[in-house]
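Reader: I have a model open on my screen and would like to talk it through with you. Could we go step by step?

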Amino acid sequence: ILIMLCALTGARVGELTSTCWADIEFNDAGGVITLWRHKTDRTGKPRRIYLSREAALLIKQVPQTDGQDTVFRDRIDYKKVWARVKKRVGLEDFHLHDLRHNFATRLLAQGKGLDEVGMILGHTDSQTTRRYAHLLDDTAFEAVEGISSELMQLPSSG
């Protein structure tokens, strides 16, 4: 579930593993995780992780255990789980954090602006988000090539 949540939210593994049940607010759209202690907390602002309906449903499947405040058990070694998943699906050079990069790239490909992507990812500096923009070069070249092909096929009016 944790790995799928990384893919669905763009959250860092550490953010999700430190999430307590009290940090989650479910709503009709899915929900929000509000973390007061997080990687970029030097701003004093909370980090909000937005949950789609699917992500909220996944979290609701996690059993709540007496005496455990966090959603995910500390005893699970998620690096080992990720290594098994990678081996099973044939991925070699793909890190768990790459799911965050993939999430950001998909947001940009959907036409979301850098500021919006940065807000969703919890970046406090827009320069941090800008490093994802280069990942869209291939998409941009494909789009330009597609327009060129269409225009070059127009009959000339001579």
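Author: Gladly; what follows is a set of questions and answers on this model, which is a predicted one.

Reader: Let's begin with the overall layout. In what order do the elements of the chain run from the N terminus on?

Author: The chain has eight helices and three strands. Reading from the N terminus on, the order of these elements is α-α-β-β-β-α-α-α-α-α-α.

Reader: What percentage of the residues in the chain is buried?

Author: Let's start from the outside: the accessible surface of the chain comes to about 10800 Å², and carbon and sulfur atoms hold 52% of that surface. A residue counts as buried when its relative accessible area is under 20%. Among the 158 residues in the chain, the buried share is 34%.

Reader: And which residues of the largest nonpolar core touch the most other members?

Author: Happy to go inside. In soluble globular proteins, nonpolar side chains tend to be buried together. The largest nonpolar core here has 22 residues, and those that touch the most other members are Leu16, Ile33, Ile59 and Phe72.

Reader: Which element gives the most to this core?

Author: The elements that give two or more residues are α1 (2–9), β2 (30–35), β3 (47–51), α3 (53–60) and α4 (78–89). With four residues, the one that gives the most is α1.

Reader: I'd like to zoom in on Ile59. Which residues does Ile59 touch, not counting those up to four places away in sequence?

Author: Ile59 is one of the core residues that touch the most other members. Leaving aside residues up to four places away in sequence, the partners of Ile59 are Leu5, Trp21, Ile24, Phe26, Ile33, Leu51 and Val71.

Reader: How many residues are in the other core, apart from the largest one?

Author: Among the members of this other core are Leu107, Leu108, Val117 and Leu121. It lies apart from the largest nonpolar core, and its residues number eight.

Reader: Now to the charged side chains. Which residues do salt bridges join into one network?

Author: The count comes to two salt bridges. In one, Glu15 pairs with Arg12, with the closest N and O atoms 2.5 Å apart; in the other, Arg47 pairs with Glu15 at 2.9 Å. Since these salt bridges share partners, the network is made of Arg12, Glu15 and Arg47.

Reader: Are those three residues buried or exposed?

Author: The cut-off for buried is under 20% relative accessible area. Glu15 has 4%, Arg12 has 12% and Arg47 has 1%. Each of these values is under the cut-off, so Arg12, Glu15 and Arg47 are buried.

Reader: How many residues apart are Arg47 and Glu15 in the chain?

Author: Arg47 sits in strand β3, while Glu15 belongs to helix α2 (residues 13–17). Their salt bridge links distant parts of the chain, and the separation is 32 residues.

Reader: How far apart in space are Asp98 and Cys6, C-alpha to C-alpha?

Author: Asp98 is found in helix α5 (residues 98–109) and is partly exposed, at 22% relative accessibility. Cys6, in contrast, is buried at 1%. The two are 92 residues apart in sequence, yet the distance in space is 9.4 Å.

Reader: One last thing: how many disulfides does the structure hold?

Author: A disulfide is a covalent bond between the sulfur atoms of two cysteines. Cysteines in this chain include Cys6, which is buried, and Cys20, which is partly exposed at 23% relative accessibility. As for disulfides, the number in the structure is zero.

Conventions. Residues are numbered from 1 along each chain as its sequence is written. This is a predicted model: local features need pLDDT of at least 70, side-chain atom pairs count only at pLDDT 80 or more; totals for chains, interfaces and linings use all residues. Side-chain values use heavy atoms; hydrogens and water are left out. A disulfide is a pair of cysteine sulfur atoms within 2.5 Å. Buried means under 20% relative accessible area, exposed over 50%, partly exposed in between (1.4 Å probe, protein chains only). Accessible areas come from the Shrake-Rupley method with a 1.4 Å probe; for residues, only the protein chains shown count as cover. A nonpolar core is a set of buried Ala, Val, Leu, Ile, Met, Phe, Trp, Tyr and Cys residues joined through side-chain atoms within 4.5 Å. Contact means heavy atoms within 4.5 Å. A salt bridge is a side-chain nitrogen of Lys or Arg within 4 Å of a carboxyl oxygen of Asp or Glu.
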